[in-house]
Amino acid sequence: MSNRTRSTSLRKTSPTLKLEETVSEEDTSSRAKAKSPKKPKPIPQNLDTPHPAPLHWKEVYDSIKEMRAQTVAPVDTMGCEQAQHKEKDPKNRRFSTLVSLMLSSQTKDEVTDAAVEKLRAAVGGTLSVAAIISADDSTISDAIAKVGFWRRKTEYIKKTALRLRDDFDSEVPKTVDELCSLPGVGPKMAFLTLHVAWNLNHGIGVDVHVHRITNRLGWHQRPTKKPEETRLNIQSWLPIELHREINNMLVGFGQTICVPVGPKCDSCTLSTKGLCPSANTKPQRSLKKRKRQSSANLEHESGPKIDIAFES
């Protein structure tokens, strides 16, 4: 190859080499950015435009509070506040509260309370960060196997204990954003943890009961689809001194009277006062009465008598 041909070849390949080097540097930079962890978005605390207070909300609130005072609900004896009472160390009291709330998702209070007791016994009698870290995953799983999504919660509880040890000196955080950075912890759990563990009133814990009942009561201009919508609406008008107690009040009301299916409207004073737009005011006939009425109708019909047996 002549010197002239060799020179031309080098001029053609040189820009290509520079381009490849540039692309390689950009790829390396983009990969480095992709590996850097994203900071979680802060939990919103206020609406840009506050939601208006519902009409007669105070009368409704006081009526529910009066009904709750007359009935003991599962949340009163087996809710998240109970988990701390078996621990002496303040750190363990706070941690047991957090664990109880993590287990409570999609699970009845009765099942959660039993799972907390079984987990405490399984890890040596004290529910602490160190005890959870030392326990095998199978030990945790066996203890909480009756709660909903127990496999996932086993992973969340172990990872949370490690995070608390490494980043928070084995202590439960005191802010909503820090709590929500823990695996499996959402806003409802965070606000309730602050209420119970730290006696801090930073917002309302909205679970399925609070979400369902406030929509049944018509407390939202437009029905809310997510608990966080419900929380922000209510927080914008409900007096802050009631933010802590409304969860327990409505949860218990939802467990005993305003149940998810077949609410006991005949036992609810909101129905008789005309304060609930969702109240079913029609008297409910019992199954036995409906059967007797059906038999009577058949007997009065013309034609041969027919004996019909109804399933009990």
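Which residues are linked with K86 in a network of salt bridges? The members are K86, E87, E117 and R120. I open with this network as an entry to the charged pairs, and I shall then turn to the cores, to helix α10 and to the aromatic residues. Please bear in mind throughout that this is a predicted model.

Let me begin with the charged pairs. The structure contains 13 salt bridges. As a general matter, side chains of opposite charge can pair when their charged atoms come close. One of these bridges joins E171 and R94, with an N to O distance of 2.8 Å. This pair connects distant parts of the chain, since E171 belongs to the loop between α8 and α9 while R94 is in helix α4, and 77 residues separate the two. Both partners, E171 and R94, are buried.

A second bridge is formed by the side chains of D137 and K158, at 3.1 Å from N to O. D137 is part of helix α7, residues 137-143, and K158 is part of helix α8, so this bridge ties together parts that lie 21 residues apart in sequence. As to exposure, D137 has a relative accessibility of 42% and therefore counts as partly exposed. K158, at 14%, counts as buried.

A third bridge involves R165 and D166, whose side chains meet at 2.9 Å, again N to O. R165 is partly exposed, with 41% relative accessibility. D166 has a relative accessible area of 52% and is exposed.

I move now to the nonpolar interior. In soluble globular proteins, nonpolar side chains tend to be buried together. Here, the largest nonpolar core comprises 40 residues, and F95, L103, L119, I132 and I144 have the most contacts inside it. At least two residues of this core come from each of α4, α5 (109-122), α6 (129-134), α7, α8, α9 and α10. Which helix supplies the largest share of this core? That helix is α10, with 8 residues.

For a view of one central residue, consider F95. Leaving aside residues up to four places away in sequence, F95 touches L127, S128, V129, I132, A161, L164 and V172. Apart from this core there is another, of 24 residues, which includes M67, I213, I234 and L270.

Helix α10 deserves a closer look. The helix runs over residues 187-198, 12 residues in total, and spans 16 Å from its first C-alpha to its last, close to the 16 Å expected at 1.5 Å a residue. Why is α10 described as largely enclosed by the rest of the structure? The reason is that 10 of its 12 residues are buried. These are M189, A190, F191, L192, T193, L194, H195, V196, A197 and W198. Their cover includes α4 (90-104), α9 (176-180), α12 (227-235) and α13 (245-256).

W198 also takes part in two charge-over-ring arrangements. The charged end of R94 sits over the ring of W198, 4.1 Å from the ring centre. The charged end of K174 likewise sits over this ring, at 4.6 Å from its centre. R94 thus appears a second time, having been introduced as the salt-bridge partner of E171.

Next, the backbone. After α10 comes N199, with a positive phi near 55°. Most residues other than glycine have a negative phi, and most peptide bonds are trans. H56, which is not a glycine, has a positive phi of about 60°. H56 is located in the loop between α1 (3-35) and α2 (57-69), and at 53% relative accessibility it counts as exposed. S170 also has a positive phi, near 60°. S170 lies in the loop between α8 (150-167) and α9, and with a relative accessible area of 24% it is partly exposed.

I conclude with the aromatic residues. Across the whole structure there are 3 aromatic pairs. For W219 and W237, the ring centres are 5.3 Å apart and the planes meet at 85°, so this pair is edge-to-face. The pair spans distant parts of the chain: W219 is in the loop between α11 (208-216) and α12, and W237 is in the loop between α12 and α13, 18 residues away. Buried or exposed, how do these two tryptophans, W219 and W237, count? W219 is buried at 3% relative accessibility, and W237 is buried at 11%. Finally, ring pairs join W57, Y61, W219 and W237 into a cluster.

How values were computed: Residues numbered from 1 in each chain as written. Predicted model: local features only at pLDDT ≥ 70, side-chain atom pairs only at ≥ 80, totals over all residues. Heavy atoms only, no water. Helix = DSSP H or I, 4+ residues; strand = E, 2+ residues; numbered from the N terminus. Expected span 1.5 Å × (residues − 1). Buried < 20%, exposed > 50% of the residue type's maximum accessible area, 1.4 Å probe, protein only. Contact = heavy atoms within 4.5 Å. Salt bridge = Lys/Arg side-chain N within 4 Å of Asp/Glu carboxyl O. Core = buried A, V, L, I, M, F, W, Y, C linked by side-chain atoms within 4.5 Å. Phe/Tyr/Trp six-rings, centres within 6.5 Å; stacked < 30°, edge-to-face > 60°. Lys NZ or Arg CZ within 6 Å of the ring centre and 35° of its normal.
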